[in-house]
Amino acid sequence: MTFKPQPLTPYLSARHYFGSEQRRHREGAGLSLVQLAGTVNSSKSTLGRIETAELMPPPDIPDRLDIAFGTDKHFHGLYELARREIHPDQYKRYMDFEFRAEVIEQYGAQALPGLLQTEEYARAFLRCQEDLSPEVVEERVTARMSRQERLRSEQPPFRWAIIDESVLLRPMGSRDCMREQLASLLEQVDTPSSKVQVMPFGAGSHSLLGGALTLLTLPDGASVAYEEGIEAGHLYEDPAAVKRWRRQYEVLRANSLTLDESAERIRTAMKGYRL
């Protein structure tokens, strides 16, 4: 069977243009992906994913491409544009990564991460956003619940969540809503595919206070990080940036309650929502 390279969309974003330029120069030099991989000390799969814009180029690749093709700082400049670009498809890319992830590690400071939310909790949380119409709220609740379907599959991803204690004590919706949500959370504290820790008030301040973080480990061993603020999120694919976020997450994990202590803290919080 003859190999047919995937069509490119070079003008969709700087990342897409980088990939199309790599292919253009590679084919102009008469090189296969395997040959170019040997020249720039990378892998065929990495370069192939860069060409189709599935992967942000690793930071050492642009300069190596410039050397290989004799293009001065052409690829270096494209990389600088791509890494500063706010991609309109960034959240969609995150969703794609989440769907494929084998390990999902999350921290929630103000609310539970979407993968842990019950339907009523998600609805109450989304209703807090005044610019969302009731129809949009219901659409997003449905979408959020559909993301959880994979968690009930025969091969679910392994999940580790760290929840700030304030999330347990902040009412979201009715008392019934919170009791149901905390009961669901309690069931996920220590299972073969999920662990939940509580970050207690007594631990004091930390570097992730006030935000939300997700670390995804993909089937090929690569990792990405998604940091979410009040109005926007940012997807990090650069290994050095992901490593910095992971270091902060590991410090948080070390300072959180044990699984048994976390379960007890959740039970205590549930008592506050009795009628």
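A residue counts as buried when its relative accessible area is under 20%, and that cut-off will be needed at several stops of this tour, which goes through a predicted model.

**The sheet**

Begin by selecting the strands, which form an open sheet of 7 in the order β3-β4-β2-β1-β5-β6-β7, with mixed pairing. At its edges you will find β3 (190–191) and β7 (233–236), each of which pairs on one side only. Next, add helix α11, residues 239–255, which lies across β1, β2, β4, β5, β6 and β7 and runs at about 65° to β1.

**The hairpin of β5 and β6**

Now select residues 212–217, which are strand β5, together with residues 223–228, which are strand β6; the two run antiparallel and are joined by 6 bridges. Between these strands the hairpin has 5 residues, and in it Gly221 takes a positive phi near 90°. On the other pairing of β6, look at β7, with which β6 pairs in the antiparallel sense over 4 bridges. Glu227 is a useful residue to select here, since Leu213 stands opposite Glu227 in β6, while the bridge partner of Glu227 in β7 is His234.

**Tyr226**

Stay in strand β6 and select Tyr226, which lies in that strand. Is Tyr226 buried or exposed? Tyr226 has a relative accessibility of 7%, and because the cut-off for buried is under 20%, Tyr226 counts as buried. Its bridge partner is Thr214, and although these two residues are 12 apart along the chain, their C-alpha atoms are separated by 5.1 Å. If you show the contacts of Tyr226, leaving aside neighbours within four places in sequence, you will find Tyr91, Tyr94, Ala212, Leu213, Thr214, Gly233, His234 and Leu235.

**The cavity**

Move on to the interior space: a search of the whole structure finds 1 cavity of 30 Å³ or more, and the largest cavity has a volume of about 40 Å³. To see what lines the largest cavity, select Ile104, Gln106, Leu115, Leu116, Arg159, Trp160, Ala161, Ser194 and Lys195. Which strand supplies the largest share of this lining? That share, 3 residues, comes from β2, and β1, β2 and β4 each supply at least two residues of the lining. By kind, the lining residues divide into 5 nonpolar, 2 polar and 2 charged.

**Helix α7**

Select residues 119–127 next, which make up helix α7, where Tyr121, Ala122, Arg123, Ala124 and Leu126 are buried. To see what covers these buried residues, add the helices α8 (134–147), α9 (165–169) and α10 (175–187), which are included in that cover.

**Two loop residues with positive phi**

For the last stops, go to the loop between α3 (44–51) and α4 (61–69) and select Ala53, which lies there. Ala53 has a positive phi of about 65° although it is not a glycine, and with a relative accessible area of 3% Ala53 is buried. Then follow the chain to the loop between α4 and α5 (74–84), where Asp72 lies. Asp72, also a residue other than glycine, has a positive phi near 55°. Is Asp72 buried or exposed? With a relative accessible area of 68%, Asp72 is exposed, since exposed means over 50%.

Key
Residues are numbered from 1 along each chain as its sequence is written. This is a predicted model: local features need pLDDT of at least 70, side-chain atom pairs count only at pLDDT 80 or more; totals for chains, interfaces and linings use all residues. Side-chain values use heavy atoms; hydrogens and water are left out. Two strands pair if DSSP finds at least two bridges between them. Contact means heavy atoms within 4.5 Å. Axes are lines fitted to C-alpha atoms, for helices over the stretch in contact, and angles run from 0 to 180 degrees between N-to-C directions. Buried means under 20% relative accessible area, exposed over 50%, partly exposed in between (1.4 Å probe, protein chains only). On a 1 Å grid over the protein atoms alone, a cavity is a set of points where a 1.4 Å probe fits but cannot get out, and a pocket is an open set with protein on both sides within 12 Å along at least five of seven lines; lining residues have an atom within 4 Å of a point. Grid points are joined across faces, edges and corners, and a volume is the space filled by probe spheres set on the points. Ala, Val, Leu, Ile, Met, Phe, Trp, Tyr, Cys and Pro count as nonpolar, Asp, Glu, Lys and Arg as charged, and the others, Gly among them, as polar.
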